[in-house]
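Dear colleague,

I am passing on the model we spoke about, with some notes on what came out of going through it. Please read them with the coordinates open beside you.

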Amino acid sequence: MRFLFFIILFGCSYFNIHSASSKPVGQWEFSTITDANGNELFPISELDTFSLLSDGSFAYFLRAKDSLVATGSWLYNNDTLRLSYERPSDTVRYYRTTYTESDLLLMESGVTYAFTRKNENLTPVLESPPQIDWQWTSLVKGILGLSTLLFIGFLLSKHRRRIDWILILKGLSIQILFALLILKVDFVRDAFDKVSGAFVKLLSFTRFGSDFLFGDLINTDSFGYIFAFQVLPTIIFFAALTSVLFYYGILQKIVFAFAWVMRRTLKLSGAESLAAAGNIFLGQTESPLLIKPYLERMTMSELLCVMTGGMATIAGGVLAAYIGFLGGTDVVGQVFFAKHLIAASVMSAPAAIVSAKLLYPETERISSEMNVSSDRIGSNALEAISNGTTDGLRLAINVGAMLLVFISFIAMFNFLFRDGLGALLGVNELINDFTNGQYDGLSLEFVLGYLLAPLTWLMGVAAEDIVLVGQLLGEKTVLNEFVAYVSLGQLMESDAFADPKSVVIATYILCGFSNFASIGIQIGGIGALAPSRRGDLSRLGIRALIAGTFASLFTAVVVGMMI
C-alpha cells in the first residue's frame with residue numbers, strides 16, 4: 001500500500017503513453033457510413049474530419065459548417081477503440097477497429113464507419129498551445145529583471161551585510177537548471193508532459209463523482225456552473241488523495257527527498273528545508289504541520305523562510321482549480337497549463353528561499369535536524385480519506401466564498417471609481433481613448449495595470465501586454481490569486497493578449513498565495529501551532545508578502561528568459 005501513489009500515477013501515465021503511441025493517431029477524412037450489407041446509411045461531407053490526437057483526445061470536426069461537434073478522450077487496445085465522449089454528451093462507446101496507413105474502419109452494432117488518412121497538413125482540430133519563438137532580447141531583459149529584483153531586495157534587507165550571496169546564486173542556479181530541463185531538454189520535457197498528462201488524468205476522475213451528484217448541471221457551458229460543479233470538486237478530491245498519501249507515508253518520503261537536496265545544496269536548517277519542500281505539495285497552513293515541533297524555537301530568518309514558502313507556492317488542491325480555470329475542458333489546454341503550474345510550484349520553492357534569505361539573512365546558529373511530524377495521519381486509511389474530504393470541502397467552500405466576495409468588491413470599487421470619481425473628474429472618456437477601449441473608464445484594473453506595468457515589462461512580458469499582466473499581478477496581491485486566474489482565463493477567452501508568451505509568464509507570476517489575506521491566514525494557522533510566535537509572525541507578515549511576491553517574480557523572469 002505504500003506504493004499507492006506510484007501505482008496511480010503509473011496507471012494514468014500508461015493510458016497517456018499507450019494511446020499516444022498507437023498507430024491510429026492522425027487526422028482522418030470521413031468517407032462513408034454503411035450497414036452490414038454495405039448500404040450507405042448517411043451522406044458524409046468530404047470535408048468532415050475525425051482526429052485522434054497524440055495526447056489521448058479526439059475530435060470530430062464538421063468543416064462544411066466550421067463546427068466542432070464531438071470531443072473527448074480515446075484509448076486503443078486489442079483491436080478496440082474506446083471513445084469517451086465529453087461533447088455533445090457524456091458517454092463511452094467501443095468500436096472494433098481495423099486500420100492501415102491509409103484507411104481506418106470503426107465497427108459498432110453492424111454499422112461501419114470508414115475513414116481515409118488525410119495526407120496534407122491540416123490546421124489542428126483542437127487548438128494547440130501556441131508555439132513561442134525565443135529571442136535574444138528575452139535573455140537581456142531577463143538579466144535586467146533579475147538584477148532589478150536583487151537590487152530592490154538588497155535595499156529592503158534586514159541585514160544587508162549578512163546576505164549570503166553564495167546561497168542566493170545557488171538558489172537562482174537551481175531555478176535556471178529546472179527551467180532549462182523542463183523547457184529545453186527534450187527527454188525531460190517529454191517526461192514532464194507525461195507527468196502533467198497523468199496529473200490531468202488523475203483530476204479527471206473527479207468527473208465521475210460530479211456526474212453522480214450533479215448530473216446534467218455540469219454540462220452547462222457558463223463559467224459559474226463549470227466552476228461550481230467541476231473546479232471545486234477537484235479541490236475536495238485532491239485533498240482526500242493527499243491525506244491518503246500522507247497516511248501511508250508516501251508524501252513524507254517525497255518531501256524528505258526534496259528537503260534533503262535543498263539542505264545539502266543551500267545549507268539550510270533541517271526544519272526550513274522540510275517546510276520549503278512541503279510547500280510544493282501542501283498549502284501554507286498544512287506545510288508547517290510537518291515541522292510543528294520546531295516552530296517554537298526557530299530563528300526569525302527560519303520563520304520568514306517558512307512563511308515565504310507558503311506565500312510563494314500553491315497547494316495541490318488549488319493547483320487543480322487553476323488547471324480548470326485556464327485549461328477549461330480541453331485536454332490539450334489542461335496538460336499545457338498543468339505542466340507550467342507544476343513547474344512553477346517546484347521552481348518557486350528555491351525561489352522562496354532566495355527571497356527570504358535576501359530580505360532576512362540568517363544571523364544565528366541553526367540545526368540540521370530533520371524529522372517529519374506525523375500529527376495529521378489518523379488511525380486508518382478511511383479516517384485519512386474522511387479527514388481529507390472534510391478539509392477539502394472546507395477549502396472549496398472558502399474558495400467559492402472568497403471569489404464571491406472579492407469579485408463583488410471589485411464591482412463595487414469600480415462603480416465608485418468609474419461612476420463616481422471618474423465621472424466627477426471627467427476622465428472616463430480620456431481613459432477610454434488613451435487605452436483604445438481596453439478600459440472604459442477609471443477602474444481598479446486600470447490603476448493596478450498601469451501602476452505595475454513597468455515591473456511586468458522586466459519579467460519579459462511583451463510591451464503590448466504589460467498593462468494586462470500588471471492588472472493581474474495587482475489583483476493577485478490586493479485580492480487573491482483565484483480572482484487573478486479567473487481574470488486571466490477571461491482575458492485569454494477574449495483574445496486580449498497580443499503575445500502568447502505573456503500568458504505563460506502571467507501563469508508563473510500568479511502561481512502563489514502572496515496576498516494580504518494570506519498574512520492573516522498564516523498568523524492564524526501557524527500561530528495556532530506555535531502560540532508564542534504570534535508576535536513574530538505579525539512582525540514578519542509584510543516582509544513575507546514581499547518575499548513571496550519576489551519568489552513568483554524570480555520564477556517568471558527565469559522562465560521568460562527561456563521562452
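**Salt bridges and their surroundings**

At a relative accessibility of 46%, D186 counts as partly exposed. Please keep in mind here and below that this is a predicted model. The side chain of D186 forms a salt bridge with R189, and the closest N and O atoms of the pair are 2.4 Å apart. R189 is also partly exposed, its relative accessibility being 27%. Because D186 and R189 are three residues apart in helix α4 (residues 186–204), about one helical turn separates them. As a general point, an α-helix has 3.6 residues a turn, so residues three or four places apart point the same way.

A second pair with this spacing is found in helix α19 (residues 534–562), where D536 and R539 lie three residues apart, about one turn of the helix. Their side chains meet in a salt bridge at 2.5 Å, N to O. Here D536 has a relative accessible area of 15% and is therefore buried, the cut-off being under 20%, whereas R539, at 59% relative accessibility, counts as exposed.

The pair R93 and E108 is set in strands: their side chains meet in a salt bridge of 2.5 Å, N to O, and the pair links distant parts of the chain, with R93 in strand β7 (residues 91–99) and E108 in strand β8 (residues 103–108), 15 residues apart. R93 counts as partly exposed at 29% relative accessibility, while E108 is buried, with a relative accessible area of 17%.

Beyond these pairs, E272, K357 and E362 are linked in a network of salt bridges. The count of salt bridges in the model comes to six.

**An enclosed helix and a nonpolar patch**

Helix α9 (residues 300–312) is largely enclosed by the rest of the structure, because 13 of its 13 residues are buried. Its length can be checked as well: at 1.5 Å a residue, the 13 residues should span 18 Å, and the end C-alpha atoms of α9 are 18 Å apart, which agrees.

On the surface, L404, V405, F409, M412, F413, F415 and L416 make a nonpolar patch of about 660 Å². One of these residues, F415, has its place in helix α12 (residues 381–425). With a relative accessible area of 48%, F415 is partly exposed, and it is therefore above the 30% that a residue has to exceed to be counted in a patch.

With best regards

Note on methods. Residues are numbered from 1 along each chain as its sequence is written. This is a predicted model: local features need pLDDT of at least 70, side-chain atom pairs count only at pLDDT 80 or more; totals for chains, interfaces and linings use all residues. Side-chain values use heavy atoms; hydrogens and water are left out. Patches are made of residues with over 30% relative accessible area and no salt bridge: like charges are joined within 9 Å, nonpolar side chains (Val, Leu, Ile, Met, Phe, Trp, Tyr) within 5 Å. Accessible areas come from the Shrake-Rupley method with a 1.4 Å probe; for residues, only the protein chains shown count as cover. A salt bridge is a side-chain nitrogen of Lys or Arg within 4 Å of a carboxyl oxygen of Asp or Glu. Helices (H or I, at least four residues) and strands (E, at least two) are DSSP runs, numbered from the N terminus. Buried means under 20% relative accessible area, exposed over 50%, partly exposed in between (1.4 Å probe, protein chains only). The expected span of a helix is 1.5 Å times one less than its number of residues.
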